[in-house]
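Here is a short set of exercises for you to try with the viewer open. Work through each task by yourself, then compare notes with the solution below it.

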Amino acid sequence: MTFCSTMSFFDPNDQAYYHTGCCDTHVTKAAWYVAITSAVSLVFRTSIVIAFNGKDWNLYASVFTCADLICILLLIAGVYSEIRHLLLPYLIVQIFGAGKIMYVTGLQLSGERN
């Protein structure tokens with residue numbers, strides 16, 4: 001079996017995978033930072049909500065907290081095992097969260113408060 005001479009192989013140490021804007025960090029190490037920061041953030045957010053607003057904890061909060069936890073665990077597993085498909089749930093949940101924040105901000109700025 002012969003390979004075409006124009007076919008290139010994946011080189012994980014190529015300069016394209018280093019982020020020069022932040023301490024010359026490799027994309028894998030940056031993904032670890034995002035994963036650990038997200039896990040710590042989830043613990044702090046959950047403990048603050050339970051401590052100060054425990055009576056408002058409901059099924060909605062439980063479902064989204066569990067979904068967030070599962071996505072963070074998949075992110076950690078994906079970065080550790082270098083399986084890119086495990087990163088997709090985390091990205092989808094983050095996009096959903098950003099969209100929710102933009103929607104609520106738009107409602108607040110337009111004056112439509114319930």
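## Exercise 1: The span of a helix

Helix H2 has 23 residues, which at 1.5 Å a residue should span 33 Å, and its end C-alpha atoms agree with this, being 32 Å apart. Please keep in mind that the model is predicted.

**Task.** Find out which residues of H2 are buried and what covers them.

**Solution.**
- Step 1: Take the cut-off, under 20% relative accessible area for a buried residue.
- Step 2: Applied to H2, this cut-off gives Ala 61, Asp 68, Cys 71, Ile 72, Leu 75, Gly 78 and Val 79.
- Step 3: Look at the spacing with helix geometry in mind: an α-helix has 3.6 residues a turn, so residues three or four places apart point the same way.
- Step 4: Turn to the cover, which includes helix H1 (27-53) and H3.
- Step 5: Step past the end of the helix, where Glu 82 takes a positive phi of about 55°.

## Exercise 2: The nonpolar core

**Task.** List the residues of the largest nonpolar core and say which element gives the most to it.

**Solution.**
- Step 1: The core is made up of 7 residues: Ala 35, Leu 42, Cys 71, Ile 72, Leu 75, Val 79 and Tyr 90.
- Step 2: Sort them by element, and H1 and H2 turn out to be the ones that give two or more residues.
- Step 3: H2 gives the most, with 4 residues.
- Step 4: Follow one core member further: beyond its neighbours within four places in sequence, Cys 71 is in contact with Pro 89, Tyr 90 and Val 93.

## Exercise 3: A buried aspartate

**Task.** Decide whether Asp 68 is buried or exposed, and find what its side chain makes a polar contact with.

**Solution.**
- Step 1: Locate Asp 68 in helix H2, residues 59-81.
- Step 2: Asp 68 has a relative accessible area of 8%, so this residue is buried.
- Step 3: Its side chain makes a polar contact with the side chain of Arg 45, at 2.9 Å.
- Step 4: Setting aside neighbours within four places in sequence, the contacts of Asp 68 are Leu 42, Arg 45, Val 93 and Gln 94.
- Step 5: For another H2 residue, try Thr 65. With the neighbours within four places again left out, Thr 65 is in contact with Leu 42, Thr 46 and Trp 57.

## Exercise 4: Two rings and a charge

**Task.** Find the aromatic pair, describe its geometry, and classify how exposed each ring residue is.

**Solution.**
- Step 1: A search of the structure returns 1 aromatic pair.
- Step 2: The partners are Phe 64 and Phe 96, stacked with 5.9 Å centre to centre and 5° between the planes.
- Step 3: Phe 64 lies in helix H2 and Phe 96 in helix H3 (residues 88-110), so that the pair links distant parts of the chain, 32 residues apart.- Step 4: Phe 64 has a relative accessibility of 33% and counts as partly exposed.
- Step 5: Phe 96 is also partly exposed, at 46% relative accessibility.
- Step 6: Check for a charge, and you will see the charged end of Lys 100 over the ring of Phe 64, 5.3 Å from its centre.
- Step 7: Finish with the backbone: Phe 64 and Val 93 are 29 residues apart in sequence and 9.4 Å apart in space, C-alpha to C-alpha.

Conventions: Residues are numbered from 1 along each chain as its sequence is written. This is a predicted model: local features need pLDDT of at least 70, side-chain atom pairs count only at pLDDT 80 or more; totals for chains, interfaces and linings use all residues. Side-chain values use heavy atoms; hydrogens and water are left out. Buried means under 20% relative accessible area, exposed over 50%, partly exposed in between (1.4 Å probe, protein chains only). A polar contact is a pair of N or O atoms within 3.5 Å; within protein, one must be able to donate a hydrogen and the other to accept it, and residues adjacent in sequence count only if both atoms are side-chain atoms. Contact means heavy atoms within 4.5 Å. Rings of Phe, Tyr and Trp (its six-membered ring) pair if their centres lie within 6.5 Å; planes under 30 degrees apart count as stacked, over 60 as edge-to-face and the rest as tilted. A charge sits over a ring if NZ of Lys or CZ of Arg is within 6 Å of the ring centre and within 35 degrees of the ring normal. The expected span of a helix is 1.5 Å times one less than its number of residues. A nonpolar core is a set of buried Ala, Val, Leu, Ile, Met, Phe, Trp, Tyr and Cys residues joined through side-chain atoms within 4.5 Å.
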